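Thank you for letting me take a few minutes today. I would like to walk through one structure slowly, so please keep the picture in view while I talk.

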Amino acid sequence: MLKIGCHLSASKGYLHMGKEILSIGGNTFQFFTRNPRGGSAKPVDEADAAAFRRFAEENGIGIILAHAPYTLNGCSADPAIRDFAARTMADDLRRLEYVPGNLYNFHPGSHVGQGVEAGIEMIAGMLNGILTQEMQTTVLLETMAGKGSEVGGRFEELREILDRVTLKEKMGICLDTCHVNDAGYDIARDPDGVLTAFDRVIGLSRLKAVHINDSKNPLGARKDRHEKIGEGTLGTEGILRVMRHEALRELPFYLETPNELDGYEKEIRMLKELY
Ligand code: FE
Ligand code: FE
Ligand code: ZN
């Protein structure tokens, strides 16, 4: 069965998100672990987490995806910023143990002129300091648009990070259709070619989630501006080609399109119908 959902606000807790996603036709969701610009997280509400686990079990809500604040930069030139990224990620992962067995996605970071190799080294170093054998969350590197000095615009860069992580079994990749388009991979018109390249460089077994977004920009623009499904470069057919690809059949799909809840509901219903 198709696993599809969207980004939801976490402000009212896990159980609320679970009920909300069912009400708009989805069966999985993504949320920010805290304010997307960083900042402190509310204490874990253990009763809410337990109630959600039961609710998810009873209502067929599959694996869910926690998204790190997008300002975390584990390869900043400033050690204080790197340290903040590491502490925030470690704290997020501790908190996610209350909803075990799910996914945690983060943007690898921007090397800000230090060079991509130095960036890769620092990101892997951060992960090696944080991941534990006991943790039950899988940590995902997101494919990036390659804007500015972003690391992760090329599959090879993600592969190099994974190569340097000791606890590889705790790691995976989240593929963002807007980002890969903007990075120059023609995922909408040639999903087979792009996924073959992904498989050769990283391995499809590492792919654990897909962000389905249209893009405001042309192939290779290195921009990262999401668009509503069907209103951008990829188009509804392009998005469906990705969703229908046999290599992705078991994966959860998350919309991160510029929408409020009613817009997400329309997109989820449309994609479910056309799929
Ligand atoms: Fe993201
Ligand atoms: Fe994304
Ligand atoms: Zn994006």
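I will begin with the metal sites, go on to a strand and a loop residue, and end with one helix.

Before anything else, please keep in mind that what you see is a predicted model, and that the distances and angles I quote were computed from it.

Let us start with the zinc ion, which is ligand 3. Which residues coordinate the zinc ion? They are H179, through NE2, D224, through OD, and H226, again through NE2, at 2.0 to 2.3 Å. If you follow these donors along the chain, their spacing reads H-x44-D-x1-H. H179 sits in helix α6, residues 177–183, while D224 belongs to the loop between β8 and β9, so this pair ties together parts that are 45 residues apart in sequence. H179 is buried, at a relative accessible area of 1%, and D224, at 15%, counts as buried too, because the cut-off for that word is under 20%.

The zinc ion has a neighbour to point out, since the iron ion that is ligand 1 lies 5.1 Å from it. That iron ion brings us to the other iron ion, ligand 2, because E142 bridges the two, which are 3.3 Å apart. E142 (OE) is one of the residues that coordinate ligand 2, together with D176 (OD), H211 (ND1) and E256 (OE), at 2.0 to 2.3 Å. Along the chain, these donors are spaced as E-x33-D-x34-H-x44-E. What is the geometry of this site? The angles among the four donor atoms run from 83 to 171°, and the site is irregular. Here H211 lies in strand β7, residues 207–212, and E256 in the loop between β10 and α9, so the pair again ties together parts that are 45 residues apart in sequence. H211 counts as buried at 0% relative accessibility, and E256 counts as buried at 14%.

Now look at strand β10 itself, which comes just before that loop. On one side it presents P252 and Y254, on the other F253 and L255, and as all of these are buried, both faces of the strand are covered. Strand β1, residues 3–8, runs parallel to β10 and is joined to it by four bridges, with C6 standing opposite L255. Strand β7 also pairs with β10 in the parallel sense, over three bridges, and there V210 stands opposite F253.

Next comes a loop residue, H111, found between β4 and α4. Is H111 buried or exposed? It is buried, with a relative accessible area of 13%. The side chain of H111 reaches the backbone nitrogen of G115 at 3.1 Å, and, leaving aside residues up to four places away in sequence, H111 touches C75, V116, G119, S149 and V151.

Finally, consider helix α3, residues 79–96. At 1.5 Å a residue, its 18 residues should span 26 Å, and the C-alpha atoms at its ends are 26 Å apart, which agrees. At the start of α3, a side-chain oxygen of D78 comes to within 2.8 Å of the backbone nitrogen of A80. Its buried residues include A85, M89, L93 and L96, and among the elements that cover the buried residues of α3 are α1, β2, β4 and α4.

Notes. Residues are numbered from 1 along each chain as its sequence is written. Chains are lettered from A and ligands numbered from 1 in the order in which they are written. This is a predicted model: local features need pLDDT of at least 70, side-chain atom pairs count only at pLDDT 80 or more; totals for chains, interfaces and linings use all residues. Side-chain values use heavy atoms; hydrogens and water are left out. Donors are N, O and S atoms within 2.8 Å of the metal (3.2 Å for Na, K and Ca); water is not among the atoms, so sites may look incomplete. Helices (H or I, at least four residues) and strands (E, at least two) are DSSP runs, numbered from the N terminus. Buried means under 20% relative accessible area, exposed over 50%, partly exposed in between (1.4 Å probe, protein chains only). Four donors count as tetrahedral if all angles lie between 85 and 135 degrees; four count as square planar and six as octahedral if opposite donors are over 155 degrees apart and all others between 65 and 115; anything else is irregular. Two strands pair if DSSP finds at least two bridges between them. A polar contact is a pair of N or O atoms within 3.5 Å; within protein, one must be able to donate a hydrogen and the other to accept it, and residues adjacent in sequence count only if both atoms are side-chain atoms. Contact means heavy atoms within 4.5 Å. The expected span of a helix is 1.5 Å times one less than its number of residues.
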